[in-house]
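Here is a short report on a sheet, a helix that packs on it, and two residues with an unusual backbone angle. Please look at the sequence and the model first.

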Amino acid sequence: IDNTMEIYDNEVLIDVKTLNVDSASFTEIVKRVLNKKPSEVTTQEEMDKIGDKMKEIVANAGKHKNPWTGSGGMLLGTVEEIGPNYVGDLKVGDKIATLVSLSLTPLVIEEILEMRPAIDQVDIKGQAILFQSGIYAKLPDDMEEGLALSALDVAGAPAQAAKLVQSGQKVLVIGGGG
């Protein structure tokens with residue numbers, strides 16, 4: 001994918017804060033790099049090796065598409081720029097989680113800032129592009145960002161919930177074990 005980070009007139013440029021890497025993808029990367037499970041990663045040196053592999057994947061593919069699993073994940077970031085012909089309700093400064101796989105999202109990782117291997121999340125300095133057709137969720141103000149990202153990262157679940165839940169109904173998100 002072309003990841004030059006120059007948006008077309010109907011695209012959105014995102015300042016990326018966190019990658020929520022697909023669990024199978026993250027597990028496979030850790031296994032290939034360290035022959036360990038993510039929960040066994042403890043040192044900064046190990047995290048640096050994982051980060052180097054992630055940067056290599058993005059440098060080669062222009063996106064975070066795991067070469068062994070084909071999966072990606074999703075991201076959390078802030079809208080930095082909006083093309084003049086983009087149709088939608090986004091504004092510069094909105095905090096969003098993309099609901100489009102990282103395996104399809106043009107991405108640049110400039111620097112890995114922090115890694116949370118036990119929950120497959122990596123804070124980065126980088127940018128991504130959301131296409132006009134890409135779906136997203138604006139992050140709620142009353143929920144911790146990492147929790148919101150984890151809750152939204154179940155393929156198709158947010159779109160399905162939006163389709164099934166009616167105004168005034170409550171939704172309970174249950175998770176366990178990370």
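The text below covers the sheet, then the two residues.

This is a predicted model, in which local features need pLDDT of at least 70, side-chain atom pairs count only at pLDDT 80 or more, and totals for chains, interfaces and linings use all residues. Residues are numbered from 1 along each chain as its sequence is written, and side-chain values use heavy atoms, with hydrogens and water left out.

**The sheet**

Six strands form an open sheet in the order E4-E5-E1-E2-E3-E6, with antiparallel pairing. Strand E4 (107-116) and strand E6 (136-138) stand at the edges with a single partner strand each, so one side of each has no neighbour in the sheet. On average, neighbouring strands are turned by 30° against each other, direction ignored. Strands (E, at least two residues) and helices (H or I, at least four) are DSSP runs, numbered from the N terminus. Two strands pair if DSSP finds at least two bridges between them.

E1 (residues 12-21) and E2 (residues 73-82) pair in the antiparallel sense over 9 bridges. Val21 stands opposite Gly73 in E2.

**Two positive phi angles**

Most residues other than glycine have a negative phi. Met5 and Asn35 are listed here with their values.

| Residue | Phi | Place | Relative accessibility |
|---|---|---|---|
| Met5 | positive, about 65° | segment before E1 | 10%, buried |
| Asn35 | positive, about 55° | loop between helix H1 (23-34) and H2 | 66%, exposed |

Buried means under 20% relative accessible area, exposed over 50%, and partly exposed in between (1.4 Å probe, protein chains only).

Terms used: Axes fitted to C-alpha atoms, helices over the stretch in contact; angles between N-to-C directions.
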